[in-house]
Amino acid sequence: YEKEQLMNKPKIYAFIASLLIVCMLAMTACTYSISMSDSEIKSILDTEYKAVKSAVSKNSSYKKSTAYITKWAKDNKIKVTDKTDEYMVLSLSATKGHEFAKTTVLQMPLDKNNIDIQCQLMAVMFATAKAAEDHGSVKLVFTRSDNMSFSGAKKLKTRYLDTGYFINFMYSSNLAIYNKGASASYNTITRKVNMTTSKYDQAYTFSISGLRGGYTDSAESVDRPNPTDILSSFLASAKSGGIQYELASFSGGTSAWTLPTEATVTIVVPEGKVEKLTVRFESSYEKFMENYSGSEPDARYTMTQVKRPDKVVSVSAKDDIINLLYILNDGITRDDEGHITSSANTGMISLSASRFKTVTAIKDIDKSTLSDMESELKTSCGLCNMKAVTKPHYDPWITHEKSFLVSTLSNIAVTDPQSTIIRNENMVFKSRKRSLDIVSIGTNADSGQRSVKVLSKFLAKIEKH
């Protein structure tokens, strides 16, 4: 029995050794470990952010940004393999053992009007390129996107879409993995107006100015105020409060995709309604300052008496305009987890002697819901004697959450994939190639360290797939 037990010991030891190896491999596969420490990654990220911000943050342009990227590539011995007036591509060769891994594209926009966000994303991109120790072929793609035009994404050569995995960089307040984007439409609403002689005595201009504005597609600005919406609500409140007034002018904003930085409306009221109007304004002002004085330090909301205009909008046109603007109801809708699922933005209002015009953008994660919103908008316009013309922008894009790209990134980041209503280049890329395996990683300078680790581990993991 003792002899048999001794003879079995080598077998037991071999089994234990094999088991330990399997466990070690399993642990490696689950943790996707890399050797670089958190402090080393943070040091690289901080250095890159300071350098890029110093180089391109002032008087930036696409040319200036790409000049810095070219210098950075040369300093870090990375090849510039494609460069045009619309996009630029750097190439990292596969490391040893990853020669047959699928190619990964890391892509980000260059927007001269959103330069701070651009600097943050560039820092994360550069730090990832330095921190990634094991990876297949990697393309760093920078596409021009001034004023959210996505022009570079539209011109990018098709071969960069014929790739294994495509990861778009976008700004987010926290690290997030986005596998689905909203559909959107651009709506132009118009009405002919007739002008008539004013019959009231006192004219007042209400003006909101000094706001930061921003893109409706920027995570930084989704909760910022829209002055056209605030003034529309004020006018509706005055009307419901029994204050008779005439509408002389209303203007604000330039685009459906941006939040206006200012808006102005002029009305004429009977002298006996001035006190009541003033009380209404003070209430609106107090609410405005309570909500936005902290986030909008340069904001101004004023009521100023002005010379009475000779002409004002007819009563029927005025009522239609005020009713429509109240119905439009700008803002965002969130789900139970706090994620934004839909939005509406009245980005421009103009009122001339012959025509009223406003443009609004609406977005929703669900295409059928967006279609319902468009139908409701047209119905509302019809009731207010307005003409609405709707132009689809892009269909929603989606990559299945069980795909290797989405599931692996989500597992490494320890976060569930999300949907986003923020328009980005993915809409363009997906419209060009429906089968593209694409995802967005939401990041910024603060969450960049974690993002770099997630991306580095993903690149190392691809060979095992």
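Let us start with residue classes: Ala, Val, Leu, Ile, Met, Phe, Trp, Tyr, Cys and Pro count as nonpolar, Asp, Glu, Lys and Arg as charged, and the others, Gly among them, as polar. The structure above is a predicted model, in which local features need pLDDT of at least 70 and side-chain atom pairs count only at pLDDT 80 or more, while totals for chains, interfaces and linings use all residues. Residues are numbered from 1 along each chain as its sequence is written, and side-chain values use heavy atoms, with hydrogens and water left out.

A good place to begin is the largest pocket. A pocket here is an open set of points, on a 1 Å grid over the protein atoms alone, with protein on both sides within 12 Å along at least five of seven lines; a cavity is a set of points where a 1.4 Å probe fits but cannot get out, and lining residues have an atom within 4 Å of a point. Grid points are joined across faces, edges and corners, and a volume is the space filled by probe spheres set on the points. By that reckoning the largest pocket has a volume of about 610 Å³. Its lining holds 26 residues, and Asn-226, Asp-229, Ile-230, Ser-233 and Tyr-292 lie nearest the centre. Sorted by class, the lining of this pocket has nine nonpolar, eleven polar and six charged residues.

Which elements each supply at least two residues of that lining? They are helix 6 (227–240), helix 7 (274–292), strand 16 (331–334) and strand 17 (340–351). Helices (H or I, at least four residues) and strands (E, at least two) are DSSP runs, numbered from the N terminus. Helix 7 gives the largest share of the pocket lining, seven residues.

Helix 6 and strand 17 turn up again at the second largest cavity, where they and helix 8 (315–328) are the elements that give two or more residues to the lining. This cavity has a volume of about 40 Å³, and its lining includes Thr-228, Asp-229, Leu-325 and Thr-346. Asp-229 is thus shared: it is among the residues nearest the centre of the largest pocket and also lines the second largest cavity.

The search of the whole structure finds two cavities of 30 Å³ or more, and the largest has a volume of about 240 Å³. Around the largest cavity are 21 lining residues, with Pro-109, Asn-114, Ile-117, Met-148 and Asp-217 nearest its centre. Strand 5 (165–171) and helix 4 are the elements that give two or more residues to this lining. The lining of the largest cavity comprises eleven nonpolar, six polar and four charged residues.

Pro-109 makes a handy guide from here. This residue sits in strand 3 (residues 104–110) and is buried, with a relative accessible area of 17%; buried means under 20% relative accessible area, exposed over 50%, and partly exposed in between (1.4 Å probe, protein chains only). Contact means heavy atoms within 4.5 Å. Leaving out residues up to four places away in sequence, Pro-109 touches Gln-118, Leu-121, Thr-143, Ser-145, Phe-169 and Glu-425. The C-alpha atoms of Pro-109 and Phe-142 are 5.7 Å apart, although 33 residues separate them along the chain.

Two of those partners lead onward. Ser-145, in the loop between strand 4 (138–144) and helix 5 (151–155), is buried, with a relative accessible area of 1%. Its side chain reaches the backbone nitrogen of Phe-150 at 3.2 Å, a polar contact being a pair of N or O atoms within 3.5 Å; within protein, one must be able to donate a hydrogen and the other to accept it, and residues adjacent in sequence count only if both atoms are side-chain atoms. Phe-169, the other partner, belongs to the largest nonpolar core, where Leu-140, Ile-167, Phe-169 and Phe-458 touch the most other members out of 57 residues. Helix 4 (residues 115–131) gives the largest share of this core, twelve residues. A nonpolar core is a set of buried Ala, Val, Leu, Ile, Met, Phe, Trp, Tyr and Cys residues joined through side-chain atoms within 4.5 Å.

Glu-425, which touches both Pro-109 and Ser-145, takes us to helix 11 (residues 425–432), where six of the eight residues are buried. Glu-425 is one of these buried residues. Asn-424 caps the N-terminal end of helix 11, with a side-chain oxygen 3.0 Å from the backbone nitrogen of Asn-426.
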